[in-house]
Structure formats: structure tokens, C-alpha cells
Amino acid sequence: MDNENMDIESGTANQITNQIEIIYEDEFLVAINKEAGLLVHRSWLDKGETRFAMQLTRDAVGCHVFPVHRLDKPTSGVLLFAKSSAVARSLGEAFTAHTVTKQYLAVVRGFMPDQGTVDYALSFQPDAIADKFADLDKPAQEAVTHWQSLAQIELPFAVSKKHDTSRYSLVRLTPETGRKHQLRRHMRHVFHHIVGDTSHGDIRHTRFFRTHYDCTRMLLHAQTLALSHPVTGEPLLLKAKLDDQWMRILEEFSWVDSAKG
């Protein structure tokens, strides 16, 4: 391995095994392109689910894997696992120290400025079962997200009664922190809800995309993950390709080139 960034992009050097798309693997790590709607691991909140990224990845690579970060169920993209607890601890420290850079693509309502930052602390939001015994009086945690507007479009459809047209932006989101639902909550905070977000979004725009573009997923994708390899120290740049629903939107809006990482 040379000293330049290793650019492993799903779709070129990937391997699809046991319904999991592996975009990088060595003796210490494995990264997959998690599909939208797939849970990272078993959860009491989704008792009816039978497929989990952690178990599918373990079966594909033939050894136990350790999650080092998470993606929400409706979010797709790069998901990294360690193959040992020691490597998992090292990666956990890197995430805590903010030496791992995550970049996401999202489609949001409205025209966003060229670039900016959301610096807005987020309160603790417990899950009904998973956080049953958690301290509910936790103070709000610092949360910072940077954005870059990549493309915009105005459509001749009145999704809202206030406007005769509807506007959307393709944005790149780079979180500094990793709070629960941070990107979704931050975009809601600045009134640029992520399309397809049924928890923090605007249902009118979600319904519009379902009806007009057959888009049934949340348009949030973890496109790249950049880090130093926890064992070799070599720089890694992991990329995950977009699924068919994403590509259909990008092609419809002539955003394909703008979305390239």
C-alpha cells in the first residue's frame, strides 16, 4: 500500500457477498455500503426485522465484526466495522478525537446558501425501550454540522399552499460531532428538512417525491469516510455509490456530476 489515499469506491472495486456490498476489507477492517432501511444491529425497537448489517457482514467475511460508528436505519452509505475489539477501541478513539471525516449527500427543501455551519446543541432524545433507564436530564450536547450547496432546482409544482413552485438543494453535509439524528435535526433547525425524513422532515415534500419520483427512501447518504488506518497509519478514503432511487433523482434533476464525491 502506497502513501497516497486509498480510494476504494463501491461499484468499481466492490464485492457483493451475501446481500452485503463490501467496499473495503483487510485483516483488520471491513467497510460496507449499507442500504437504506437496514439496521446496523439487532434492536428492541424493531423486533420484526430479520436482516442486520452487523450479522450479514460477519457472515460475509467469516469472522466476528465490531461496530465503531452507526448510521440511522433510513440512511445509506459507508459503514465501517473492526475485526477485533482492540482495533474497534482504536477507531472509537479516532471518532471521539474527530480525526475521522464523514461526508454525506442530502436533498433538502429550499435553496440553501453556498456554504455555512449549523452550530446548535442537541438535547438527548431517548428511545422508548433502548434508553428506558437512561438519565433523561442530560444537558444538551454540542453539535456542529458544515454544509456546502452543490446544486439547486425549482420545480413547477405547488407542494405548499404558500408557493406556486417548489425548490430543492443538493447539499454535502460534514458533521464535526456525532449526535443522534444530528444531520436530520440540524436541517430541520434551519428549515431545510431532508426529503424523505419521516421523523424530522416535512411530510408534504416526502409525499411529493413518493408520488412524482417513486422515491420511498430518505435522501441522506454517507458518501465518504476518510481516516488513518488504525494499524498501518495509511490514509484511507472509503466511498459508497448511490442506489437506484438516488440516481433516478440525480438524473431527473441533472445533478449527477454535482453529486460526485
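Trainee: In this predicted model, which residue forms a salt bridge with lysine 260?
Mentor: A salt bridge needs a side-chain nitrogen within 4 Å of a carboxyl oxygen. For lysine 260 the closest N and O atoms of the pair are 3.4 Å apart. The partner is aspartate 257.

Trainee: Are lysine 260 and aspartate 257 buried or exposed?
Mentor: The cut-off for exposed is over 50% relative accessible area. Lysine 260 has 55%, and aspartate 257 has 60%. Lysine 260 therefore counts as exposed, and aspartate 257 is likewise exposed.

Trainee: How many salt bridges does a search of the whole structure find?
Mentor: Side chains of opposite charge can pair when their charged atoms come close. One such pair is lysine 260 with aspartate 257. The search of the whole structure gives a count of 10.

Trainee: How many residues apart in sequence are lysine 241 and glutamate 21?
Mentor: The two form a salt bridge, with their closest N and O atoms 4.0 Å apart. Lysine 241 sits in the loop between strand S12 and helix H5, while glutamate 21 belongs to strand S3. The bridge thus links distant parts of the chain, and the separation is 220 residues.

Trainee: How do lysine 241 and glutamate 21 count by accessibility: buried, partly exposed or exposed?
Mentor: Buried means under 20% relative accessible area, and partly exposed lies between that and 50%. Lysine 241 has 37%, so it counts as partly exposed. Glutamate 21 has 13%, so it counts as buried.

Trainee: Which parts of the chain does the salt bridge of lysine 83 and glutamate 25 tie together?
Mentor: The side chains of lysine 83 and glutamate 25 meet at 2.8 Å, N to O. The two residues are 58 apart in sequence. Because lysine 83 lies between strand S6 and helix H2, the parts tied together are that loop and strand S3.

Trainee: What is the relative accessibility of lysine 83, and what is that of glutamate 25?
Mentor: Lysine 83 counts as buried, with a relative accessibility of 19%. Glutamate 25 is partly exposed, and its relative accessible area is 35%.

Trainee: Which residues are linked in a network of salt bridges?
Mentor: The network involves two arginines and two aspartates, as their names show. The arginines are Arg70 and Arg184. The aspartates are Asp72 and Asp197.

Trainee: Why is the pair of tyrosine 168 and phenylalanine 209 edge-to-face?
Mentor: A pair of aromatic rings is described by the distance of the centres and the angle of the planes. Planes over 60 degrees apart count as edge-to-face. The centres here are 5.0 Å apart, and the pair is edge-to-face because the planes stand at 80°.

Trainee: Where in the chain are tyrosine 168 and phenylalanine 209?
Mentor: Both residues are buried. Their pair links distant parts of the chain, 41 residues apart. Tyrosine 168 is in strand S10, and phenylalanine 209 is in helix H4.

Trainee: What is the angle between the ring planes of phenylalanine 208 and tyrosine 213?
Mentor: Phenylalanine 208 and tyrosine 213 are both buried. Their ring centres are 5.8 Å apart. The pair is edge-to-face, since the angle of the planes is 90°.

Trainee: Which residues form one aromatic cluster?
Mentor: The count of aromatic pairs comes to 9. Tyr168, Phe209, Phe208 and Tyr213 are among the members of the cluster. The others are Phe157, Phe253 and Trp255.

Trainee: Which residues does aspartate 214 touch, not counting residues up to four places away in sequence?
Mentor: Aspartate 214 lies in the loop between H4 and strand S11. Its C-alpha is 9.5 Å from that of isoleucine 249, which is 35 residues away in sequence. The residues touched are Phe209, Gln245 and Arg248.

Trainee: What is the phi of histidine 181?
Mentor: Most residues other than glycine have a negative phi. Histidine 181, in the loop between S10 and helix H3, is buried at 18% relative accessible area. Its phi is positive, near 55°.

Trainee: Is phenylalanine 191 buried or exposed?
Mentor: Phenylalanine 191 lies in the loop between H3 and H4 and has a positive phi, near 65°. Its relative accessibility is 58%, so phenylalanine 191 counts as exposed.

Methods. Residues are numbered from 1 along each chain as its sequence is written. This is a predicted model: local features need pLDDT of at least 70, side-chain atom pairs count only at pLDDT 80 or more; totals for chains, interfaces and linings use all residues. Side-chain values use heavy atoms; hydrogens and water are left out. Rings of Phe, Tyr and Trp (its six-membered ring) pair if their centres lie within 6.5 Å; planes under 30 degrees apart count as stacked, over 60 as edge-to-face and the rest as tilted. Helices (H or I, at least four residues) and strands (E, at least two) are DSSP runs, numbered from the N terminus. Buried means under 20% relative accessible area, exposed over 50%, partly exposed in between (1.4 Å probe, protein chains only). Contact means heavy atoms within 4.5 Å.
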